[in-house]
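Hi,

Here is the structure I promised to send over. Please have a look, and then read my notes underneath.

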Amino acid sequence: MDDHDDDAYAKLLRRVNSPRVVVDNDACEHATVIQVDTVKRQGALLEVVQVLTDLNLVMTKAYMSSDGVWFMHVFYVTDDHGNKIRDEGIFNCIEKALETDACMVKSTGKMLPSKEHTLIELTGTDRPGLLSEVCAVLTDLRCNVVNAEIWAHNARAAAVIHIADQSTGTAIEDPRKLSLIKELLYNVLKGHGDFRTPIVSISSPGEIHIGRRLHQMMFAARDFERPGSENDNSARPYVTVFDCPDRDYTVVTATSIDRPKLVFDTVCTLTDMQYLVFHGTVITDSKKAYQEYYIRHVDGFPTSSEAERQRVIECIQAAIERRASEGLPLELFTDDHFGLLSYITRILRENGLWPKSAEISTRNGKAKHNYIVTDVSGNPVDPKTIFLIHQQMGQTVLQVKGNLSMPPKFPRETPRSFLFGGLFRCPSFQNFGLN
């Protein structure tokens with residue numbers, strides 16, 4: 001049997017054993033319970049979590065377990081306001097998304113396959129003013145930023161940017177212009193005396209998930225390695241990794257502040273590190289989240305060394321921190337026009353603000369920008385600075401979405417194991433044995 005036959009057989013098997021989705025709004029008083037049964041394979045859990053995350057569903061609890069060739073996932077979810085999910089369209093969207101090979105929800109905007117845009121991926125060393133300089137280059141070259149997402153963590157920065165030619169509104173096809181864009185962006189990222197080699201990639205957009213792609217880019221940039229001067233671990237997520245010899249698993253636990261997309265970020269990293277989750281528990285309590293996963297490498301073995309376990313700890317900590325940048329959240333919503341992003345980022349730079357993350361979207365002539373900012377030293381923003389920016393661009397255009405203070409530190413304590421002999425046992429697991 002050749003590779004083509006193998007691929008056709010795998011697709012047939014998936015259709016025959018398509019995921020089964022059961023939604024229950026009566027089992028829990030405060031959340032909608034979604035149970036998804038899927039064939040056990042690498043990436044199956046990530047696909048389910050990705051779909052729920054892209055629909056902006058908030059996970060309050062989750063349980064995962066395997067039995068033979070099947071996975072069973074149980075998620076307790078609410079909307080952004082803590083209410084049960086009543087929209088039948090969302091349930092239909094979940095079922096439809098999980099039945100496709102891509103397992104993506106295109107309506108969320110997280111996938112942008114389009115011939116009308118050019119995709120730029122950037123990785124380099126983060127510094128104050130970097131985003132402003134990148135946007136200035138694109139504006140000078142008459143490139144309109146359609147969508148963008150930028151992360152910064154541990155002195156690394158990564159960006160996924162979709163651009164269009166300002167004159168045509170379509171993808172840029174001129175090889176000389178594409179080469180010039182790449183050259184100038186490389187020079188901006190290179191900076192002065194930077195020992196890290198920046199990466200600039202320009203291509204036609206394919207079927208990518210922006211969040212997952214940014215995780216992969218930051219991982220490749222080794223952002224899990226902290227600068228030697230940073231020895232304070234008090235504010236970091238508390239992650240443990242230890243072997244469970246009697247069941248031949250490695251157990252990963254993580255205690256952190258709860259936030260949207262937390263489970264996706266953790267599962268995405270474990271999947272990209274080539275680990276398979278066999279059992280897991282997620283419990284949130286107030287603002288705290290506890291995650292526990294029983295994993296093996298795709299070769300079927302648990303972690304084999306202390307160095308490997310330490311790397312898992314560092315990578316899970318980085319995955320949780322990347323999207324949880326400490327700083328002041330700002331939101332801008334206004335009429336879109338060419339050069340807007342360059343103008344806004346220049347205003348932030350001139351007022352001494354350093355964007356630690358940014359999410360830019362445009363639709364129907366409107367632009368929405370979300371930033372998390374600190375001062376140029378990484379410290380909390382002075383309220384006077386925001387007052388000055390409001391004077392420059394108007395308070396109705398730029399809104400402060402948080403308090404003018406830094407968020408609390410991550411909790412250090414770790415609860416006892418929830419899944420096996422711990423504080424809580426999910427009834428749904430009682431019929432599932434451990435492999």
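Below are my notes on the cores and the aromatic rings.

This is a predicted model, with local features needing pLDDT of at least 70 and side-chain atom pairs counted only at pLDDT 80 or more, while totals for chains, interfaces and linings use all residues. Residues are numbered from 1 along each chain as its sequence is written, and side-chain values use heavy atoms, leaving out hydrogens and water.

The largest nonpolar core (buried Ala, Val, Leu, Ile, Met, Phe, Trp, Tyr and Cys residues joined through side-chain atoms within 4.5 Å; buried is under 20% relative accessible area, 1.4 Å probe, protein chains only) has 46 residues, and Ile34, Phe75 and Ile316 are among those touching the most other members. At least three of its residues come from each of domain 1 (3-99) and domain 3 (238-322), with bounds from an automatic or database domain assignment. A second, separate core of 43 residues includes Leu122 and Leu353.

The whole structure holds 4 aromatic pairs (Phe, Tyr or six-membered Trp ring centres within 6.5 Å; planes under 30 degrees apart are stacked, over 60 edge-to-face, the rest tilted). Tyr249 and Phe278 are tilted, because their centres are 5.6 Å apart and their planes at 50°. Tyr249 also pairs with Tyr294, edge-to-face at 5.9 Å and 90°. Ring pairs thus link Tyr249, Phe278 and Tyr294 into a cluster. Both Tyr249 and Tyr294 are buried, and Phe278 counts as buried at 7% relative accessibility.

Finally, the charged end of Arg296 sits over the ring of Phe278, 4.6 Å from its centre (CZ of Arg or NZ of Lys within 6 Å of the centre and within 35 degrees of the ring normal).

Best wishes

Methods. Buried < 20%, exposed > 50% of the residue type's maximum accessible area, 1.4 Å probe, protein only.
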